[in-house]
Amino acid sequence: MIPKSMVLRWPKEKDYCESDGIKMELKVLATDRIEKHESFIIRPRIKVWMTRAITIVVLWTSLVQLIALGELLGPSLLKGMPHCFSTPAVEKDLAPAKVVLPPKRTYRNNGYLLVSCNGGLNQMRAAICDMVAIARHLNVTLIVPELDKTSFWADSSDFKDIFDVDHFITSLRDEVRILKHLPPRVKIRVEKGLSYSMPPISWSNISYYENQVLPLLLKHKVVHLNRTDARLANNGLPAEIQKLRCRVNFNALRFTSQIEELGRRVVKVLREKGPFVALHLRYEMDMLAFSGCAHGCDKEEEEELTRMRYAYPGWKEKVINSELKRKDGICPLTPEETSLVLTALGIDHNVQIYIAAGEIYGGEKRMESLQGDFPNLVRKETLLEPSELMYFQNHSSQMAAVDYLVALESDIFIPTYDGNMAKVVEGHRRFLGFKKTVLLDRRVLVDLIDQYYNGLLSWDEFSSAVKEVHANRMGSPKRRVIIPDKPKEEDYFYANPQECLQLLDEPLKTT
């Protein structure tokens, strides 16, 4: 029995959640003298210590049991209790979801495939898809591809600076083994010159890689493919290879979180003001020099473009008839021609038009006509603060990645030239549900434009003809055009990956 001189005082409710934990005060009302209690004497200080110890043990035991019971029966049991007894629900909501990785594919490794991509972002993107499919078919280990740093764009970005490399590796682990670097022992072989380097033949069937490249892999263990543009055929490939190309393109090749966030920011700013058109105005210096298209340029500009064409050994065609190319529909439309065509198609002059391109050749002066007809022309540089773009500014491929994301999200995508970005975005928009993409027939357009400028067509006649020509060129479902032995002239796989799409005349199926 506890003497009357010892009194336990429980803390008030507000004291339960102090930082030092649950506290209990024990007040001892005792005199300095030693009290006798029947047959033994207990010093008050010892009594206080023992009482505190026992009480704390009891309290902590109860507390642990209470929390365990609360977790078992649910958070409602702890309603009304001080906040320190329960874990806020928001913490569970913020916990990252567990990523379920596909099981690793087990196979006998036939060697290591090194890949050096060439060209701009979208040319390299398509090449990476091809190389994954080839590595999978040959049962080899693919090393994360090396990106082009020596082309016109001189972008020093590595794979990991543009794409989410970890996602790329893990998302494909059930198809092919991908490593960031060669294993040390294999790297030593390469440094000793024991590997084999080659440019594969363009538009090759998979049998070429089986019969020509696989034996080299088995012999040398490491093969380096030093060019990758259009090295796999558009057609005549097994369905599993075509679908793997799609899987890499639409799932595994995810941009870095920084690029994805920047793209979302641009789209958010545009969406706040309504719908928008993404215009891939490929009237850039490198394209004009490469193609030899100089329509509308003055003599000084033509000479500058010619000098650039001769300065790049990889651009094999040097002597070019610009006007002949234009009439054949091989040149990108000029800004002036583009303005005329957009108006003829009935594009609202007040709609936002996002320029998904680099610097336009001729600058603001060359853009005057287009800007005058469509005053709401915008670019990422005008929508974002300089500080938001500073880390991407000198990396053309990273800037192109932002344009790619915005182009995918646009209400209408209109490329003025059918280069790599135009084709790859077209195919991606088909995959996303056949989003409207106006595929300009430049060969017909330049003829109509010339007739209009020469007074042979009225505006109504010109506009009506333009609309009629493009009525069935809006990115709707269709079959790829196949031209045997002329792969450059047939439809590009990545512009219309029909094996991975749900065509409207087919029954629903999972793709």
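Contact, in the account that follows, means that heavy atoms lie within 4.5 Å of each other. The angle given for a helix and a strand is taken between their N-to-C directions and runs from 0 to 180 degrees.

With these terms in place, the helix α9 can be described. In this predicted model, α9 spans residues 257-271 and lies across the strands β10, β11 and β12. Its direction makes an angle of about 160° with β11, the strand formed by residues 352-355.

The strands beneath this description belong to an open sheet of four, arranged in the order β12-β11-β10-β13, with parallel pairing. The edge positions are taken by β12 (377-378) and β13 (412-415); each has a single partner strand, so one side of each is left without a neighbour in the sheet. For β13, the pairing with β10 (residues 276-280) is parallel and extends over four bridges. Within this part of the sheet, V277 stands opposite I412 of β13.

A further feature to examine is the second largest pocket, which holds about 510 Å³ of space. Its lining consists of 20 residues, and those nearest the centre of the pocket are I143, V144, E146, K180 and H181. Three elements give two or more residues each to this lining, namely β5 (112-115), α4 (159-162) and α6 (184-191). Of these, α6 supplies the largest share, three residues. What is the chemical character of the lining of the second largest pocket, in terms of nonpolar, polar and charged residues? The lining divides into 10 nonpolar residues, three polar residues and seven charged residues.

The strand β5 also serves as a landmark for T106, which is located in the loop between α2 (89-94) and β5. Is T106 buried or exposed? T106 has a relative accessible area of 76%; because the cut-off for an exposed residue is over 50%, T106 is classed as exposed. The C-alpha atom of T106 is separated by 8.8 Å from that of R177, although the two residues are 71 apart along the chain.

The chain as a whole may now be considered. It contains 21 helices and 13 strands. Of its 511 residues, 46% are buried. Among the contacts between residues at least 6 apart in sequence, 74% join residues that are at least 24 apart. The sheet provides an instance of pairing between separate segments of the sequence, with β10 at residues 276-280 joined to β13.

Technical notes. Residues numbered from 1 in each chain as written. Predicted model: local features only at pLDDT ≥ 70, side-chain atom pairs only at ≥ 80, totals over all residues. Heavy atoms only, no water. 1 Å grid on protein atoms, 1.4 Å probe; cavity = no way out; pocket = protein on both sides within 12 Å on 5 of 7 lines; lining within 4 Å. Points joined across faces, edges and corners; volume = space filled by probe spheres on them. Nonpolar A, V, L, I, M, F, W, Y, C, P; charged D, E, K, R; others polar. Pairing = 2+ DSSP bridges. Buried < 20%, exposed > 50% of the residue type's maximum accessible area, 1.4 Å probe, protein only.
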